Amino acid sequence: MAVDQELTAKVRAHLSSMHNIEEKHIVGGTGFTWRGNLLCGVMADDLLVRIAKNDHDTFIGDQGAKPMVMGGKSAKGWILVHKSIVSRQPMMKKWIDRAIEYVGSLPAK
C-alpha cells in the first residue's frame, strides 16, 4: 500500500518547528516520533494519530476519524483520519495537537 507523499510532506511541514521529531518507517507507512515516542504518521491516505486509550471512543467519528485496525483488531489509542479532512491546516493542527497532548504526558525514551 502506497503512502500518500503529499500528506506526508504536510505532516512533516507541520511538525518542522518542534524539537526532537524524527521521521521513521513504520509498518504500513511513515511515522513521526517525538522524544522517542510515536506521535503520528501517514498510512496510505490517512493521518495516524496517537491518543489516550480512554479518549478512543470519544474521538471515533469526530471529523472523519476511524479506528486503526491491524491484524483484524481495532487498536485503541490509535486513530486514522482521512487526508481529505486533515489536508486543511486547522484540522491537521486539531488532530496533531491531540497527539501532542497525549504523547507529551509520556516519559521520553
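User: What makes a residue count as one that Leu47 touches in this model?

Analyst: Contact means heavy atoms within 4.5 Å. In this predicted model, Leu47 touches Leu7, Val11, Cys40, Gly41, Ile79, Leu80, Val81, Val86, Trp95 and Ile96, leaving aside residues up to four places away in sequence.

User: Which residues have the most contacts inside the largest nonpolar core?

Analyst: They are Val11, Cys40, Leu47 and Trp95, in a core of 24 residues. Helix 1, strand 2 (29-34), strand 3 (37-43), strand 4, strand 6 (73-82), helix 3 (83-86) and helix 4 each give two or more residues to this core. Helix 4 gives the most, with 6 residues.

User: What other core is there, and how many residues does it have?

Analyst: A second, separate core has 7 residues, including Met43, Leu48, Trp78 and Leu80.

User: Why is the pair Lys66 and Asp46 called a salt bridge?

Analyst: The cut-off is 4 Å between a side-chain nitrogen of Lys or Arg and a carboxyl oxygen of Asp or Glu. For Lys66 and Asp46 the N to O distance is 3.4 Å, so the pair qualifies. Lys66 lies in strand 5 (residues 65-70) and Asp46 in strand 4 (residues 46-50), so the salt bridge ties together parts that are 20 residues apart in sequence.

User: How do you know whether Asp46 and Lys66 are buried or exposed?

Analyst: Buried requires under 20% relative accessible area. Asp46 has 8% and is therefore buried. Lys66, at 36%, falls between the 20% and 50% limits and is therefore partly exposed.

User: What makes Lys10 and Glu6 a salt bridge, and where do the two residues lie?

Analyst: Their side chains meet at 3.7 Å, N to O, which is within the 4 Å limit. Both belong to helix 1 (residues 5-15), where being 4 residues apart separates them by about one helical turn.

User: Why is Glu6 called exposed or buried, and what of Lys10?

Analyst: Exposed means over 50%; Glu6 has a relative accessible area of 52% and is therefore exposed. Lys10, with 30%, is partly exposed.

User: How do you know that Lys94 and Asp62 pair, and which parts do they tie together?

Analyst: The N to O distance in this salt bridge is 3.5 Å. Lys94 lies in helix 4 (residues 89-103) and Asp62 in the loop between helix 2 (56-59) and strand 5, so the pair ties together parts that are 32 residues apart in sequence. Salt bridges that share partners join Asp62, Lys94 and Arg98 into one network.

User: How many salt bridges does the structure hold?

Analyst: The structure holds 8 salt bridges.

Conventions: Residues numbered from 1 in each chain as written. Predicted model: local features only at pLDDT ≥ 70, side-chain atom pairs only at ≥ 80, totals over all residues. Heavy atoms only, no water. Buried < 20%, exposed > 50% of the residue type's maximum accessible area, 1.4 Å probe, protein only. Core = buried A, V, L, I, M, F, W, Y, C linked by side-chain atoms within 4.5 Å.
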